[in-house]
Structure formats: structure tokens, C-alpha cells
Amino acid sequence: MRRAAPAIAASLLAATLAGPAGPARPASAARACDWLAGDLHVHTTYSHDSYGGPSDDNTGPEEAYTLGHPVASQFAVASARGLDFVAITDHNDVRSQSDASFGSGGVIGVPGYEASYRGHAQMLGAQRVYEGPDATAADVQALADALRADGGAFQINHPAEGSTDFPHDRDWSYGHAVVPDTVEVWNISRLWQPPLPSASSNDDAIRFWEGFLDAGHAVAATGGSDNHYLATTPVQGVGQPTTWVCATDASVAGVLDGLRGGRTFVSHQPPAHGGPRVFLEGDADRDGVYESIVGDEIPPGSPLQVRVEGAPGALLQPVGTGGRPLGDPVVVAGPSFVHELTPEQAVTWVRAEVYEPDGAGERAAACDGVFGGETTYCRNDLAVLALTSAIFLAEPVDTATTLVYDGPASGKVGSTVTFAARLTGADGPVAGAAVTFTFRGEALTATTDSEGTARAATKLAGPPGRYALTAEFGGTEAHDPSSWAGTFTITTR
């Protein structure tokens, strides 16, 4: 993407390595995962638009003003800023992963690259460049699906890059036809607005992301520094902004799983620079314990809480379906603050945003009439401190089943009988399900027909008597397990 042209300033790197130690990693109060801090959009001199000196094989000395970071330098800055992971995403290039410094400094190295389609996409977790056509949305969806099949996560980068008249000039040309795992809603500093010194309209990127949420897609929000240059590192270096991911383990797979699960929030600064943290949680069973987090789906009308750490005096704004504010902004009254809310039934998703007053009304009055749509400085939010992904509020699918025995209760020694059981769910009979009958140590498995009935025949051996008979359905992704237990009598006549 375009950004302010830097001067060569390698000495600035030393200044970025100073700073206080970051806070301890918070564990989710709602589930067994830890919040890890990182940057999902970082470049090195392997990129064609970042100069690496005389030995650079894809950028010449005429572009020395783009002097950038080698892999070791980016991981050193990330470590000093308290980050847990960094994704090196050079343009259509994965050579960083074989660099000896990849994953150094105690920072997890997330493989990937930035793909150039009709717009940019992040191939997170990719260890190779995925080849294939990209002319249509179906082409790109196929590439995204191939990446996911290999355990990766597909992200749309800065969808409103170059835009002062979104959505007419958005950078991502496929619109909402390609469904990603994540959208980069925060690219570089929000203080930089189109057309100068930057071309990334983050307010419009949020609106684009919300379009997926309104359509029912559980897509997560992320941020990335998009850092290329040494000179911009103090204000747009790794971790500015920082994406936090709730991961079940501190590994590449843990980070990618957290991204696909929507468990993210974004802060404008890394941990060592005091970036605030914001946690959106839900009480799905209304027992007073907020056991759900962003990315989860909970029943409509469930109570929610937003916990804000490290942003005293800022404003908190919950946002719901259609990008509509849910109530007035709330003042964050202290370094640790909790705000509770219960959205109305019609709200299908909720996110939260923390920001400082930035004179939006005054800016609009002063420059809208002069510049109009030529710049987003007149209308975009400039002082956002943190924002969350969404919690989804929708009626849970009823997956309960009932299994009832529907066969004979007795049979004569030496005869053949047919056990039968009928399986039903919330929508009626369940067809194509495996039901196992167990009788006198023998397991007989049958498949339910269109009426939900499974039948299994067996020949009755003596001696006569009453014996235990059970039927069991083990469950599927769409249907819960169920069982039946009773007796069957073998008679002499």
C-alpha cells in the first residue's frame, strides 16, 4: 500500500528497542485460552518495495529511500515491544521462513505472504505461494479454501486502501463475494488518512467488515502495521497496531485457530507501549458468569459485558447490527473498567470500540465544505484506541434427538426377530443415522430409513429368559447422541 515516503534513518531502530516491559499475558476468564499479542502484517527486505542494501535482489539503490528491516531486525523490534507472534508477509514471497532469524527473540514466527489479486490478501500460515487464477471471486475463494485445507487463515487486507469515496473506489474488487476468515480493519496508524500521507481508510474498512457480519458470516477483525521501512518504525512499526488473539496454546497453530475462531481484538499500541485491552464477553446461560467471548454465538438477549484495561478517561461505544451504536458512549471510569449491557432481541451481532474524542464535529465543519470527498480527514475517526471482533446473537440450533424402541418385546427360541428403533430430532425423523442394538453381548448396527427407523434382525438362541436390550445413536455434528434401554424376553413358545 502507499504510505509516507521515509528518509533513510537506520539510527531510528535503536530508539524503537527501548521501552518498559509489557504486562503479563491475560488468560480469558471465559474459556481455556490465553490472549497473545502480535502483528499479522509485517514486511522485510525480501519484499520488492523494501530496500535491503547492495545485495538486495529485487530492489535497487535508486529506491534506497525505502530502506527496510531484515528478518532479524523485525523480530528484535517485536520482542522489545512485548509481542508474542509476528507474521512476516512479504509480497508473494515466502523466503523469510528459511531465514535463520525467523522466529527469533522468543517471538512466534507465523508463516505467510501478502498475495496480490484484485486487491491484497494475507495468506496466513502459508509455507508456499499458492498458484492459480484470480480473475473471479470463485477463483480467489478456491485459493482461500486451499489455504484453509492446509491449516491456514485467509485475510482480506486494507479493503478501502486508496479510497476517499468508499465503496466506489475500494481496493478489494471482489466485494463480499469472497468470504475470508479475517478482515484487516486497521492498517497502519489511524492518524494517517487518505490521500496523504496514507491511503488506508480504516473507517471504511470497518464498514466493509460489518457487511460480512450483517450477512451472517463469522469473520474476525484484525490490525496490522504493514511496516516496510526503518524510518517509519517509531510510529508505524511492528505492533502499531497490535492484534490480540485468544489461543489455546502459544504456537503457530494456536494463533491460526484463534483467528479462524474469531477470538481477536485490536489495540493501537503494543504491550510494551501501554496499548489498552478490551474484552467483550457474554453470559449465554444467564447465570451471572460471562463464559462466552468474541467469535462465539449466544442466544438473543443474552447479557454482555465489556472489560477495558488501560484506557481511563476514554469513551467506550458498543456497536450492533448495521453498524448502529448501542446507546450513548460510556466514559471509561478508571484503569480497569466494566460496562454491562443487554442488546435488544433484533441485534444479531455486537462489537465494542474504545476511542478518545477527536473533534470530529469541528473537523467536519471546518473542512468538509472545502475538501469534500478529496480526503477522509474531515470525517474519519482519528483517535481509536482499541476495538473487538464480534459476539453473535442467534437462536442456537436444536440438535437434541430422541431414540425410541419400536420393535417386538419378545420372541420364541430359534426364531428370527427384527429389533427396531425410531430416531427423531427437532425437525422430525433423522434419516441416514447409525443405530446400534446390543443384545446378549452381540452388537447389531443398522441405518435409519427416511422415517427415522433402524432395523436389525437376529436369530434367538436359548435359554429362554428376560435379557437387557439397548439401542444407541452416537450423534453427529448436527444431532446429539441419544439412547434407549429396556428388556427383551425369549420364550419357549
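This note goes through the nonpolar cores, the cavity and one buried proline of the structure.

1. The model is predicted, and local features need pLDDT of at least 70, side-chain atom pairs count only at pLDDT 80 or more, and totals for chains, interfaces and linings use all residues. Residues are numbered from 1 along each chain as its sequence is written, and side-chain values use heavy atoms, with hydrogens and water left out.

2. The largest nonpolar core (buried Ala, Val, Leu, Ile, Met, Phe, Trp, Tyr and Cys residues joined through side-chain atoms within 4.5 Å, where buried means under 20% relative accessible area with a 1.4 Å probe, protein chains only) has 42 residues, and W35, V86, V306, V308, L316 and V354 are those with the most contacts inside it. Apart from this core lies another, of 37 residues, including Y117 and W349.

3. A search of the whole structure finds 1 cavity of 30 Å³ or more, a cavity being a set of points on a 1 Å grid over the protein atoms alone where a 1.4 Å probe fits but cannot get out. The largest cavity has a volume of about 60 Å³, and of the 12 residues that line it, with an atom within 4 Å of a point, the closest to its centre are W35, F279, L280, I293 and V294.

4. P159 is buried, with a relative accessible area of 0%. Its contacts (heavy atoms within 4.5 Å), not counting residues up to four places away in sequence, include R170, W172 and F208. P159 and V185 are 26 residues apart in sequence, yet 8.0 Å apart in space, C-alpha to C-alpha.

Technical notes: Buried means under 20% relative accessible area, exposed over 50%, partly exposed in between (1.4 Å probe, protein chains only). On a 1 Å grid over the protein atoms alone, a cavity is a set of points where a 1.4 Å probe fits but cannot get out, and a pocket is an open set with protein on both sides within 12 Å along at least five of seven lines; lining residues have an atom within 4 Å of a point. Grid points are joined across faces, edges and corners, and a volume is the space filled by probe spheres set on the points.
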